[in-house]
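Hi,

Here is the structure I promised to hand over. Please have a look at it first, and then read on for my notes.

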Amino acid sequence: MTDPVTAGLDPLDPLDPLGRWRRLADGAVLLDGFHALKHAVRFGAEVPVAVAVDRRAALALAGELAPDVRAALDGLLTEVTEATYASLVPRPHPTAVAALAVRPSREAHLDRLRQASRTTPVVVLDNPRNLGNAGAVIRLAAGFGATGVVTTGTLDPWHPTVVRGGAGLHFATAVERLTVDELPAGPVFALDPEGDDIRGVELPDDALLAFGSERSGLSPELRARAGRLLALPMRPQVSSYNLATSVAMTLYHWSAAGGASHYLQGSPR
Ligand SMILES: C[S@@+](CC[C@H](N)C(=O)[O-])C[C@H]1O[C@@H](n2cnc3c(N)ncnc32)[C@H](O)[C@@H]1O
């Protein structure tokens, strides 16, 4: 039986998008859906191949929701059949758009995370376990203009499910996995229900805001590195908040005191 993906294609032809997809898929970042592609392009990702089942509909969506990237998408998107599209992605997305992006270099991220004059916090997730939570946190970090998101432990913050949860916003912040010993310099504020009430504390722009694992909270290594433990307001009978909502409240608390107010304005789609 003919494979609809490879039928009539020369895998060495650089103008053949499916051949390119197959050559690049290993090690590339899968952008699953229109919004992930839109965000990745908007934040400067290198996208060597992008496909859509209905190219015209995807460009119309761009015209409506993201006119700033419509021309770029026009140059990138190749129309493919539904069967071909389904063979490229683990789960079809309602927009039937997918692309591969080049993963940014670890060195470039480390430079950004370790710069001496950071003007926005770094979010540290200490051994997170839930891929959806990690994606949601990266989306939050991007929204608040955080310098980056660092994870410790075994979870890969560039796992396709995390990228899907992050809606392509990995490219808007520096996302890396490090050990506690490798964390950037700066004051560490670790979030823990047993800490001091965060409402009386102003978080500095160069803070490292650390959050514990969904299962076991903060590790002893991270606690040892923390300058201060802070608690989010919570009534006594409740044990804890979800990890991503804790990050949301903390970043909001930082921003409400004026952090990055020069660019936390409006709400582009
Ligand atoms: C789901 S909670 C962890 C619950 C875990 N069973 C434990 O023993 O801590 C994940 C993380 O969210 C943050 N968090 C949740 N509720 C919080 C609160 N009320 N104050 C401060 N941080 C909180 C902490 O960083 C916590 O480690």
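The domain assignment splits the protein chain into domain 1 (17–101) and domain 2 (106–256); these bounds come from an automatic or database domain assignment. Please keep in mind that this is a predicted model, in which local features need pLDDT of at least 70 and side-chain atom pairs count only at pLDDT 80 or more, while totals for chains, interfaces and linings use all residues. Residues are numbered from 1 along each chain as its sequence is written.

**How the domains meet**

The C-alpha centres of domain 1 and domain 2 are 29 Å apart. Their contact takes 14 residues from domain 1 and 9 residues from domain 2, where two residues are in contact if their C-beta atoms, placed from the backbone, lie within 7 Å. On the domain 1 side, β1 (29–32) and α2 each supply at least two residues. The names of these elements follow DSSP runs numbered from the N terminus: helices are H or I with at least four residues, strands are E with at least two. The largest share of that side comes from α2, with 6 residues. By class, the side of domain 1 that touches domain 2 has 9 nonpolar, 3 polar and 2 charged residues. Here Ala, Val, Leu, Ile, Met, Phe, Trp, Tyr, Cys and Pro count as nonpolar, Asp, Glu, Lys and Arg as charged, and the others, Gly among them, as polar.

**The four-stranded sheet and its helices**

One open sheet has 4 strands in the order β1-β4-β2-β3, with mixed pairing; two strands pair if DSSP finds at least two bridges between them. At the edges are β1 and β3 (77–79), each of which pairs on one side only. From one strand to the next, the twist averages 25 degrees. Strand β2 (residues 49–52) runs parallel to β3 and is joined to β3 by 3 bridges. As for individual partners, A52 has E79 as its bridge partner in β3.

Helix α3 lies across β2, β3 and β4 (97–101), running at about 150 degrees to β3. For all such values, axes are lines fitted to C-alpha atoms, for helices over the stretch in contact, and angles run from 0 to 180 degrees between N-to-C directions.

Helix α3 (residues 55–65) also packs with α4, at an angle of about 155 degrees and with the axes 7 Å apart. That makes α3 roughly antiparallel to α4; angles under 35 degrees count as roughly parallel, over 145 as roughly antiparallel, 65 to 115 as roughly perpendicular and the rest as oblique. From α3 the contact uses A58, L59, A62 and G63, and from α4 it uses P67, V69, R70, L73 and D74. These residues divide into 6 nonpolar, 1 polar and 2 charged.

Helix α2 (residues 34–42) packs with helix α4 (residues 67–76) at an angle of about 95 degrees, and their axes are 10 Å apart. That makes α2 roughly perpendicular to α4. K38, V41 and R42 of α2 meet D68, V69, A72 and L73 of α4. This contact has 4 nonpolar, no polar and 3 charged residues.

**The six-stranded sheet**

Another open sheet has 6 strands in the order β7-β6-β5-β9-β8-β10, with parallel pairing. Its edge strands are β7 (174–177) and β10 (228–231), each pairing on one side only. Neighbouring strands are turned by 30 degrees against each other on average, direction ignored. β8 and β10 pair in the parallel sense over 5 bridges, and D196 has L230 as its bridge partner in β10. Helix α10 packs on the sheet, where α10 touches β5 (122–125), β8 and β9 (208–211), and its direction makes about 155 degrees with that of β9.

**Around the ligand**

The ligand is surrounded by 17 residues, the closest being L191, G212, G217, L232 and S240; a residue counts as near if its C-beta atom, placed from the backbone, lies within 6 Å. β8 (188–197) and α10 (243–256) each supply at least two residues of this shell. β8 gives the most, with 3 residues. The shell divides into 9 nonpolar, 6 polar and 2 charged residues.

Best wishes
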